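Dear colleague,

Please find below the structure that I am handing over to you. My findings follow it, arranged by topic.

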Amino acid sequence: MTPANSLDLLFRPRSVAIIGASPVPGNPRNSLLRILVQHGFDGRVYPVSPNHPEVEGFKAWKSVAELPEAPDVALVITPAATVPGLIAECGAKGIRNAIVFSAGFEETNEGRELAVRLAEAARRHGVTVLGPNCQGLWSVRSKAMLTYSPAAATLERTQHAPIAIVSQSGALGGALGGSLHRNGLGCAYMISVGNETVFDALDALDWVVEQDDVRVVAVYIEGLHRADRILRIAQHARSRGVRIVFLKAGKSDLGQQTTASHTGKIASSHAVYADVLQQAGVVLLNSLAELLAAVEVLAFMKAPRRSDDSEGGVAMLSSSGGASALLADHSNDSGVPLARFGAATAERLGQLLPTFARKENPIDLTGQINTVANLFRDSCAAVAADPRTEAVVVQHASSGRRWLQEDGEFYKGLARDMPVIVSFVGDLLPAETRKEFRDAGVLLSAEPSATMSALSWLYKFRNYESLPPLAERAPGILRPAPQGWDETMAFCRDGGATPAKWVVLGPDDRAATACATLRYPLVVKVLPSEADHKTELGLVKLRVTSPSDVDAIAADFRARLAKSDAGILVQEMVDDGGIEVAAVMPAQDRLRARPFDRHGRRGGRALPRHHAPCAAGDGRPGPHGAAQAQAVDAPLRISWKAAGGHRRAGGGRGRHRRSVPGLAGYPGIRAQSRHRKSPGPRSSRRRRAGCRPVGDRIGARRRREARTCTLARRHARRDRLSWAARAVNERSDEMDLGLKGRIALISGASGGIGYETAKLLAEEGVQTVVVARREEKLKELAEEIVAKGGARPLIIVEDLNDRESFERIRENVLGTFGHLDILINNLGQARPLTFDSPDSDWDEAFDLNFTPPRKLAAAFIPGMQERKFGRIVNLTATLEPGHVSGSLTAKAAVLVWAKGLSRVVGKYGITVNCISPGLLLTDQIREHHIPRFLPTAEDRERFLKNDLPAGRFGEPSDAAQIITFLCSPRAGYITGQRIYVDGGWNRHIV
């Protein structure tokens with residue numbers, strides 16, 4: 001555990017070192033220092049840069065060892081390979097806290113070993129490391145904005161509010177902090193934890209809830225280490241009056257895949273997190289809009305007053321019958337109770353309101369508010385005096401600002417005793433007005449649903465106040481991870497979960513003998529060790545009624561697996577009294593539902609898989625092949641059927657439960673028996689289960705949608721079959737180029753071949769860096785890549801005619817990712833030249849076409865040599881008839897240079913190739929070349945027929961596909977080549 005005083009210095013530092021600082025504006029290494037100064041940090045600042053004597057007016061130090069003191073925190077933004085050594089240097093200097101901004105660790109295959117070395121250096125030298133791959137932290141009261149986030153750079157000033165943000169996404173954390181400031185709220189802390197190699201989100205949360213300037217914490221997560229800690233942290237937060245809200249990504253399969261590629265995390269089942277967070281007394285939200293709304297409500301509003309009456313709740317008054325009905329609907333949907341007024345309140349309302357007004361809750365004041373003085377105020381006072389009223393909602397339909405001005409001071413006084421929400425219908429009030437009322441405990445809500453959402457959050461936290469304290473648990477029992485079906489079943493039996501009776505048929509066994517002790521009907525399926533996704537593969541049969549059928553099915557399964565000695569599992573079908581066990585078996589080091597092999601609608605609930613990875617005793621992953629199974633102290637209730645007997649189709653589940661005492665020795669595992677009621681008509685069972693009648697059109701529609709979703713999930717799973725699918729001849733035609741996690745820079749990416757190449761590389765899982773002069777086109781490209789599921793590109797707006805741009809590009813790329821794997825030099829166009837053209841025109845031609853590839857290669861080849869991998873592809877040109885071209889001459893120089901370079905760097909695993917595109921229909925070709933050389937339709941037709949064997953003009957994607965292949969590890973033996981992509985136009989052999 002990191003000492004609290006050390007963390008205090010991390011979050012409230014008095015001195016900061018910036019290791020890797022740069023004087024180049026616009027670079028993250030420079031932005032760190034600029035933002036720190038911009039927001040008024042008054043501590044000591046020490047840039048560390050071996051190449052620059054000063055940065056932004058501050059003296060720069062050549063190394064950590066030369067610093068005049070050990071600063072409270074070091075900001076590290078250097079290539080990933082240097083980070084473990086720098087952390088060791090920080091520890092030797094006495095620096096106890098570091099924030100690592102560099103990427104290239106767990107989120108890439110190559111960086112995992114670096115992550116291990118980083119963690120070991122931090123442990124050995126006693127350094128708390130936030131990150132890597134993070135955007136740092138904001139500490140508003142201390143004016144310590146330790147980040148390069150554009151969200152912080154664009155803030156004119158910071159504003160303190162009792163709100164903290166803990167985020168596993170740096171960009172999202174910064175966006176949330178920026179939004180809170182723009183909305184007039186502000187925050188106290190924003191903490192981006194990145195890859196969590198050393199210090200994770202729950203470590204940050206544990207520190208934040210201790211702070212006196214925090215009342216609510218918003219947490220964005222994708223996956224958690226040792227999530228059982230949230231119980232203790234949340235309990236302590238409740239004792240301090242701190243409210244915690246979570247937003248969890250990875251609810252869908254695609255979302256889980258995206259989080260894995262984002263920070264290297266494997267997102268767990270959303271249902272798992274929903275359950276554990278509810279038990280912890282934490283509110284799980286569904287969107288960023290909800291998160292922003294919730295922190296405003298929870299930071300400034302009281303909990304509902306306790307009436308200690310079953311008929312207590314919210315009192316609602318409206319000037320509109322329609323708005324009143326909406327309030328009632330939303331209160332029902334949100335689970336917000338409405339107060340039932342006592343006799344004295346009913347009598348008082350009868351005196352105040354006209355006879356035709358609704359006097360029950362919610363109250364419709366009608367249009368009389370415009371003729372009866374103080375009707376809103378007097379009615380509010382009447383219901384607020386009722387002991388059953390726990391909160392008050394005033395709903396306006398029109399003229400809301402007028403009534404707020406007249407009754408505002410009354411509402412502020414009322415809010416001293418209970419929550420007061422004044423709701424409008426789309427009326428946007430100035431930020432200053434919202435802040436004035438918010439500071440007084442009155443929420444100004446935009447519309448009825450937002451009003452009820454706010455009250456639902458307040459009621460949830462009031463209810464969480466009565467959660468019982470955590471019971472002390474015995475330490476978890478460590479035992480070897482079960483291997484095979486027999487050991488897995490023994491594990492279940494030891495936990496008190498008795499499996500359905502079963503036998504495993506060997507190749508020589510016959511069911512008539514082997515299954516003689518089993519009661520028919522039976523379930524026949526292959527063992528989990530033989531095949532994943534048994535249901536999808538058709539390797540499960542239910543309701544088997546005879547030994548001969550068992551033998552025939554077993555033979556069929558072995559034939560389909562092409563494995564004559566495969567074990568076939570035969571179990572009794574469970575109908576009544578089956579045991580369901582709620583268990584937690586952590587997969588690797590994060591909460592996941594992956595240990596559970598879910599079956600289709602007919603096939604029962606779930607089975608434990610023999611190969612479910614388990615956590616070691618500390619909750620971190622054990623060594624491969626030596627994992628220890630532990631029934632950990634975590635609060636999940638995931639239902640799965642112990643030992644996996646299948647339920648009969650159509651069998652319903654009852655609602656009675658009983659404890660299974662045999663599981664007491666396994667903390668964190670809970671068991672319950674669900675006794676089914678006797679079978680009856682399907683509609684009766686549905687009614688008992690609380691379902692809508694079959695004839696209900698809404699219920700029928702929802703069931704159809706549910707069946708459609710189920711089919712979609714099955715199809716998606718079928719598309720991801722593992723080796724077992726290949727055993728039954730279901731093969732994939734896609735080629736994996738092995739590019740996932742690589743970093744690629746594409747110059748000239750605002751259109752044509754560069755644009756298409758960036759898209760194709762992103763589809764292969766490459767993190768792209770796109771460079772061009774036209775920012776709007778690069779942003780358009782970025783949105784297109786993200787819409788198709790790719791990682792958002794790093795956009796660099798530079799003119800490669802500027803000789804200083806190459807250093808800025810290098811600093812930006814290495815400062816963000818630490819290295820570059822792939823360089824695509826998409827060269828520029830120069831004007832046609834003659835032999836006597838001015839020298840300046842010839843210099844321009846070389847600056848556009850020869851200088852950029854040479855300079856960029858020089859910038860990134862050293863890192864490629866160190867990593868033993870690199871791909872450089874240069875776009876040159878085919879012959880252009882009719883003039884002497886500066887572009888052609890310079891690109892011919894590129895060909896010669898690339899050939900020589902390929903011979904020098906080949907031994908480092910770096911390939912250098914050139915692509916010579918022909919008449920591909922880029923904007924340049926469409927607008928200039930074709931009109932110039934083929935001006936008429938007849939000319940184009942004759943050219944396609946006589947001169948272009950392919951018979952068509954090419955597309956930029958034709959070149960992009962070749963480039964993408966040349967960038968892959970599969971093209972490692974292709975180097976020093978010039979490849980024509982011209983449809984056969986060029987007639988030369990070489």
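**The five-stranded sheet and its helices**

Helix H17 lies across strands S15, S17, S18 and S19, and its direction makes about 165° with that of S17. Please bear in mind throughout that the model is a predicted one.

The strands just named belong to an open sheet of 5 strands, ordered S16-S15-S17-S18-S19, in which the pairing is parallel. S16 and S19 are the edge strands, each of them pairing on one side only. Within the sheet, S17 and S18 run parallel and are joined by 4 bridges; Val393 stands opposite Ile421 in S18. S18 (residues 420-423) also pairs with S19 in the parallel sense, again over 4 bridges, and here Ser423 stands opposite Ser445 in S19.

Are the residues of S19 (442-445) buried or exposed on its two faces? Both faces are covered: Val442 and Leu444 are buried on one side, and Leu443 and Ser445 are buried on the other. This arrangement can be read against a general pattern, in which the side chains of a regular strand alternate between the two faces of the sheet.

Helix H12 also packs on this sheet, where it touches S15, S16 and S17, and its direction makes about 160° with that of S15. H12 comprises residues 321-334, 14 residues in total, and reaches 20 Å from its first C-alpha to its last, close to the 20 Å expected at 1.5 Å a residue. Its buried residues are Ala323, Ser324, Leu327 and Ser331. These residues lie on the same side of H12, because they cover an arc of only 105° around the axis. They pack against S15 (313-318), S16 (363-364), S17 (389-395) and H17 (448-464). On the other side of H12, Asn332 and Asp333 are exposed. Just after the helix, Gly335 takes a positive phi of about 70°.

**The seven-stranded sheet**

A further open sheet is formed by 7 strands in the order S33-S32-S31-S34-S36-S38-S39, with parallel pairing. S33 (794-797) and S39 (978-981) stand at its edges; each has a single partner strand, so one side of each is left without a neighbour in the sheet. From one strand to the next, the twist averages 15°.

At the S39 edge, S38 (residues 910-917) and S39 run parallel and are joined by 4 bridges. Ile915 has Ile979 in S39 as its bridge partner. Helix H28 (residues 851-867) lies across S31, S34, S36 (870-875) and S38, running at about 175° to S34.

**Salt bridges**

Side chains of opposite charge can pair when their charged atoms come close. In this model the count comes to 39 salt bridges, on a cut-off of 4 Å between a side-chain nitrogen of Lys or Arg and a carboxyl oxygen of Asp or Glu. Three of these pairs are described below.

Glu120 and Arg124 meet through their side chains in a salt bridge of 3.4 Å, N to O. The two residues are 4 residues apart in helix H4 (residues 112-125), so about one helical turn separates them. Glu120 counts as partly exposed because its relative accessibility is 28%, whereas Arg124, at 52%, counts as exposed.

Asp212 forms a salt bridge with Arg240, the closest N and O atoms being 3.0 Å apart. This pair links distant parts of the chain, 28 residues apart: Asp212 is in the loop between helix H7 (201-208) and strand S12 (216-221), and Arg240 is in the loop between helix H8 (229-239) and strand S13 (243-248). Asp212 counts as exposed, at 74% relative accessibility, while Arg240 is partly exposed, with a relative accessible area of 33%.

Asp821 and Arg742 form a salt bridge at 3.9 Å, N to O. Asp821 lies in the loop between helix H26 (805-817) and strand S34 (822-826), and Arg742 in the loop between helix H23 (723-727) and strand S31 (743-747), so the pair ties together parts that are 79 residues apart in sequence. Both Asp821 and Arg742 are buried.

Finally, Arg29, Glu807, Arg810 and Glu811 are joined into one network by salt bridges that share partners.

With kind regards

Conventions:
Residues are numbered from 1 along each chain as its sequence is written. This is a predicted model: local features need pLDDT of at least 70, side-chain atom pairs count only at pLDDT 80 or more; totals for chains, interfaces and linings use all residues. Side-chain values use heavy atoms; hydrogens and water are left out. The expected span of a helix is 1.5 Å times one less than its number of residues. Buried means under 20% relative accessible area, exposed over 50%, partly exposed in between (1.4 Å probe, protein chains only). The arc is that of the directions from the helix axis to the C-beta atoms. Contact means heavy atoms within 4.5 Å. Two strands pair if DSSP finds at least two bridges between them. Axes are lines fitted to C-alpha atoms, for helices over the stretch in contact, and angles run from 0 to 180 degrees between N-to-C directions.
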